[in-house]
Amino acid sequence: MKASFVIATYNRAADLERCLDSILKQQDCEFEILVIDDASTDHTCEMVREKYHDRVKLISQETNCGSVRNRNYGANLAKEDILFLIDDDTEFPNVYTVREIIQEFEDPRVGAVAIPYLQDGILKHSSGMPDQNATTFVVASYIGCCSAVRRSSFISLGGYEGFLRHGAEEDDLCIRLHNEGELCIIGRVSEPMVHYESPIRNFQKWDYAGRRSSLLYIWKNCPTLYLLPNLIVTTFHGVQHAFRIHRFRGNFAGLAAGYGDIIQCIIGRGFRRSPVRKEIYDLTLKLRKKPLPRTEVEPLITRGN
């Protein structure tokens, strides 16, 4: 199998350059690289054209349309089997990481892989490191900065839910993968990726998108029996989070927008609900607390398929 890197970027030329350099050092694997520039105003496009020439395919958007739409657009243009939907502020320190992740997809039940990574010195998705054990662990979702997805599965599910715009799109995709009988596992790699989390972020926009998407994720996927309680709990957690970090405007605006969009859905002007099976939703709640061994998860995911 071969890989397609789809990297959505906006005004992060230096971060993107470091990311691309690390990809091009990967060995024992074949891949293509697609950079979707979201109408950057810095020198991102010039840097890619001048330094990488025909090694990187650059798609430059005329208007800013967000990471979800750009990743979906890139996934449809991609030609290879496995999509690496990574952020521009990530890096591969090890030259064999891509080969190791591609090997995980030799198992036809694997639909997505969460790649272990370091952020601020903290190792995340660490259950996939080989020094722990040979057990395969299943997770509720992957973090978009360091992930890989089987392209055929991604396309068959319609990609990321565009209505979410930004936030919870990975959670939404993974619960749908599980509902279809596929697994999101933690990849087993020799060395984790690194996520530098670029400081160029609009936290008000970030808070708004996160709170809004958390409600819409529940609206779309939650079984009817659980719908109202889950909306109430999620709203409470959103308010609690706003007070904990002392960022109120974006969080409260996002909650209001989420409920406004749900009302639009109810009157037929938004996306339709498509609840997953009860056992899948229950499993997702368990997986959010901690990863579980594949041997425990697979019977639940297989049931009903």
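This tour visits a helix pair, two groups of paired strands and a pocket in turn. The structure is a predicted model.

**First stop: helices α7 and α9**

Select residues 203–221, which form helix α7, together with residues 249–266, which form helix α9. Two packed helices are described by the angle between their axes and the distance between the axes. Here the axes come within 7 Å and cross at roughly 35°. The crossing of α7 past α9 is right-handed. Colouring the contact by residue class shows eleven nonpolar residues, five polar residues and five charged residues.

**Second stop: the open four-stranded sheet**

Turn next to the open sheet whose four strands follow the order β5-β12-β7-β8. Its pairing is mixed. Strands of a sheet pair through backbone hydrogen bonds, either parallel or antiparallel. Select β5 at 90–91 and β8 at 122–124 to see the edges of the sheet. Each of these two strands has a single partner strand, so one side of each has no neighbour in the sheet.

For a view of one pairing, add strand β7, residues 117–119, to the selection of β8. The two strands run antiparallel and are joined by three bridges. Within this pair, L118 lies opposite L123 of β8.

**Third stop: strand β10 and its partners**

Now select residues 147–150, strand β10. Are the side chains on its two faces buried or exposed? On one side S147 and V149 are buried, and on the other A148 and R150 are buried, which leaves both faces of the strand covered.

Two pairings of β10 can be displayed from here. Strand β4, residues 82–84, pairs with β10 in the antiparallel sense over three bridges. In that pairing, I82 has R150 of β10 as its bridge partner; R150 is also among the buried residues of the strand. Strand β6, residues 110–114, likewise runs antiparallel to β10 and is joined to it by three bridges. In this case A112 stands opposite V149, itself a buried residue of β10.

**Fourth stop: the second largest pocket**

Rolling a probe the size of a water molecule over the atoms shows where empty space is left. The second largest pocket holds about 250 Å³ of space. To find it, select V139, A140, S141, L287 and R288, which lie nearest its centre among the 14 lining residues. Then show helix α10, residues 278–289, which supplies four residues, the largest share of the lining. By class, the lining consists of seven nonpolar, three polar and four charged residues.

Technical notes: Residues are numbered from 1 along each chain as its sequence is written. This is a predicted model: local features need pLDDT of at least 70, side-chain atom pairs count only at pLDDT 80 or more; totals for chains, interfaces and linings use all residues. Side-chain values use heavy atoms; hydrogens and water are left out. Axes are lines fitted to C-alpha atoms, for helices over the stretch in contact, and angles run from 0 to 180 degrees between N-to-C directions. A crossing is left-handed if the near helix is turned anticlockwise from the far one by less than a right angle, and right-handed if clockwise. Ala, Val, Leu, Ile, Met, Phe, Trp, Tyr, Cys and Pro count as nonpolar, Asp, Glu, Lys and Arg as charged, and the others, Gly among them, as polar. Two strands pair if DSSP finds at least two bridges between them. Buried means under 20% relative accessible area, exposed over 50%, partly exposed in between (1.4 Å probe, protein chains only). On a 1 Å grid over the protein atoms alone, a cavity is a set of points where a 1.4 Å probe fits but cannot get out, and a pocket is an open set with protein on both sides within 12 Å along at least five of seven lines; lining residues have an atom within 4 Å of a point. Grid points are joined across faces, edges and corners, and a volume is the space filled by probe spheres set on the points.
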